[in-house]
Structures are given as C-alpha cells and as structure tokens.
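User: Please take me through one part of this model in detail, starting from a single loop residue and working outwards. Keep it brisk, and explain your cut-offs as you go.

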Amino acid sequence: MSILVLQHADYDVPGALGDMLRDHGHRMRVLRLDHGQALPPDLDDVDGVVSLGGPMNVDQVDEFPWMKLEMDLLQAAHAAGMGVVGVCLGAQLLAAALGGEVKAMDAPELGFAPVKQTFMGTMDPLYAGIPWETPQFHLHGQQVTQLPPEGVPLAGSRQCKVQAFRVGLTTYGFQYHFEWDRAQIRTAAKDPIFAREGMNGEIDRQCDEHYDTYRRVGLRLAERIAMLLFPIDKR
C-alpha cells in the first residue's frame, strides 16, 4: 500500500509534505502522467492521493488529455473516502473533478502574499495550531471561481478568494504552495513570468522576510495532513 503522488513538473516535488508522510511511515508512489506513465487500474493498493502543481491549466485538457484521467482518479478517490490533497494545479484539478469551476485570473498571483483563514477555516482541524493569517507562496494564473457542491472555503487572499477548500471530511485543496523549501522557491522564481511582472530578484528579498515563518507553518500543516488525512493506523 502507498500514497499515490501525481507530479506534473520536474521541480514540483512533494517537498515538506513528502518528507512528513515518510516520517509518519508512509511509502509514496510518484507518477508522472505528463511523461506517459499510467495510472493504476484501480485503487486497491492506494492509501490516498496527492496531486501536485504544474505549469498546465485545467482548460488545456485537449492538449494534455492525461488531465482528464487524473480528474477521474481524484473523483474516484474522493468517492471512496480516501485522503485526497491537491496543491496549486492539483487543487484546480480536484475542484473541477468534483463539479467546481476554474477560470483565468485578471493577473497572476506571484511570490509571497498573506493568506487568511475563513471562519470555517479557523474551526477546521487541519488548521489547528496555525495562525489565522500567514505568508504563503503563490505561482498561478488561474483560480477556483466556484467550489464543488458541498465545498467549504477555508482560506483566501486579496487576489484569490479560494486559497484552500474542503469537500467532505478528507478531501482538501490548497491553491498556495505550503510544501516547498527555499531551493524549490528559487527554482520556481526562474519562470519567465516573474521577469515579465517586474519581479527579478524580488523573491530572494521576500524569502529573507517571510521564509522562516512560511516554513514553520508549512511543516505544521504537513504534519496535520499526515496525521488526520493519512493516519497510519487506518492502513
């Protein structure tokens, strides 16, 4: 049994979340659908699913047909009551798979910006011990504009109303990257979009200001995910 991790870019590895899951005794099976690897035929040997970020957009399913297969799997894992986590692109795929809507933003959200929990977020067990407002790292030009049926908004930012959501008890989406370390952030900041938006060198300055808090909060969230969504005693 293993947690299925769906990775969509070389630099977008599970990071702190993967480290925490391993520390809690889980084995991870990382698949690259964008490299032609196939999904398992069923969920019999799967403990849970994590869908990571990537440069694709949900509306590019014709260009990347594997995204439809991934959304079908996310829907099946949710229906089975498994722990399911989507991050950035993964959150958008998850929202779309469960009946929500994802659309382009007026302007991309880049770099560190504060994310504030909603009232429901302050009461969600996954956010226990996490301040109501925290600096998080953003790299996205699309957003969830309509939550799936029964979706609960947990956090938002000035540019993006839905930064985190929950559907049911064990399915969560996070638009922001809580799982990256500083090296991943620096790699992501090489994306040409930062230069186009006049942010050359800005990410290093932001890291100096926010990274310590960001990392501490990210580890706390990763720990809560490992404990509550993928408890080892339920394997």
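Analyst: **A loop proline and its surroundings**

Pro14 sits in the loop that links β1 (2–6) to α1. Helices (H or I, at least four residues) and strands (E, at least two) are DSSP runs, numbered from the N terminus. The model is predicted, so local features need pLDDT of at least 70 and side-chain atom pairs count only at pLDDT 80 or more, while totals for chains, interfaces and linings use all residues. Residues are numbered from 1 along each chain as its sequence is written, and side-chain values use heavy atoms, with hydrogens and water left out.

Is Pro14 buried or exposed? Pro14 is buried, at a relative accessible area of 12%. Buried means under 20% relative accessible area, exposed over 50%, and partly exposed in between (1.4 Å probe, protein chains only). Not counting residues up to four places away in sequence, Pro14 touches Val5, Gln7, Leu52 and Glu179. A contact here means heavy atoms within 4.5 Å. Val162 is 148 residues from Pro14 along the chain, and their C-alpha atoms are separated by 22 Å.

Next comes the helix that follows this loop. Helix α1 (residues 15–23) packs on helix α7 (residues 202–228) at an angle of about 45°, with their axes 9 Å apart. That angle makes α1 oblique to α7. The crossing of α1 and α7 is right-handed. From α1, the contact uses Ala16, Leu17, Met20 and Leu21; from α7, it uses Arg215, Leu219, Ala222, Glu223, Ile225 and Ala226. By class, that makes eight nonpolar, no polar and two charged residues.

Those words have set meanings. Axes are lines fitted to C-alpha atoms, for helices over the stretch in contact, and angles run from 0 to 180 degrees between N-to-C directions. Under 35 degrees counts as roughly parallel, over 145 as roughly antiparallel, 65 to 115 as roughly perpendicular, and the rest as oblique. A crossing is right-handed if the near helix is turned clockwise from the far one by less than a right angle, and left-handed if anticlockwise. Ala, Val, Leu, Ile, Met, Phe, Trp, Tyr, Cys and Pro count as nonpolar; Asp, Glu, Lys and Arg as charged; the others, Gly among them, as polar.

Phe178 touches both of these helices, including Leu17 of α1 and Ala222 of α7. Phe178 itself lies in the loop between β9 (171–174) and α5 (182–188). Phe178 is buried, with a relative accessible area of 1%. Leaving aside neighbours within four places in sequence, its contacts are Leu17, Val87, Gln136, Tyr214, Gly218, Leu221, Ala222 and Ile225. Phe178 and Arg216 are 38 residues apart in sequence, and 9.7 Å apart in space, C-alpha to C-alpha.

One of those partners, Gln136, belongs to strand β6 (residues 133–146). Gln136 is also buried, with a relative accessible area of 2%. Beyond four places in sequence, Gln136 is in contact with Gly111, Phe112, Ala113, Val115, Tyr176, His177, Phe178, Tyr214 and Val217.

Now a neighbouring stretch of chain. Val87, another Phe178 partner, is followed by Cys88, in the loop between β4 (83–87) and α3. Cys88 has a positive phi of about 60° although it is not a glycine. At 3% relative accessibility, Cys88 counts as buried.

How many residues of α3 are buried? Eight of its nine are: Leu89, Gly90, Ala91, Gln92, Leu93, Leu94, Ala95 and Ala97. After α3 comes Gly99, with a positive phi near 105°. The axes of helix α2 (residues 66–79) and helix α3 (residues 89–97) come within 9 Å and cross at roughly 70°. α2 and α3 are therefore roughly perpendicular to each other. Their crossing is right-handed. The contact is made by Met67, Glu70, Met71, Leu74 and Gln75 of α2 with Leu93, Leu94, Ala96 and Ala97 of α3. By class, it has seven nonpolar, one polar and one charged residues.

Finally, the whole chain. It has seven helices and nine strands. Of its 235 residues, 54% count as buried. Among contacts between residues at least 6 apart in sequence, 75% join residues at least 24 apart.
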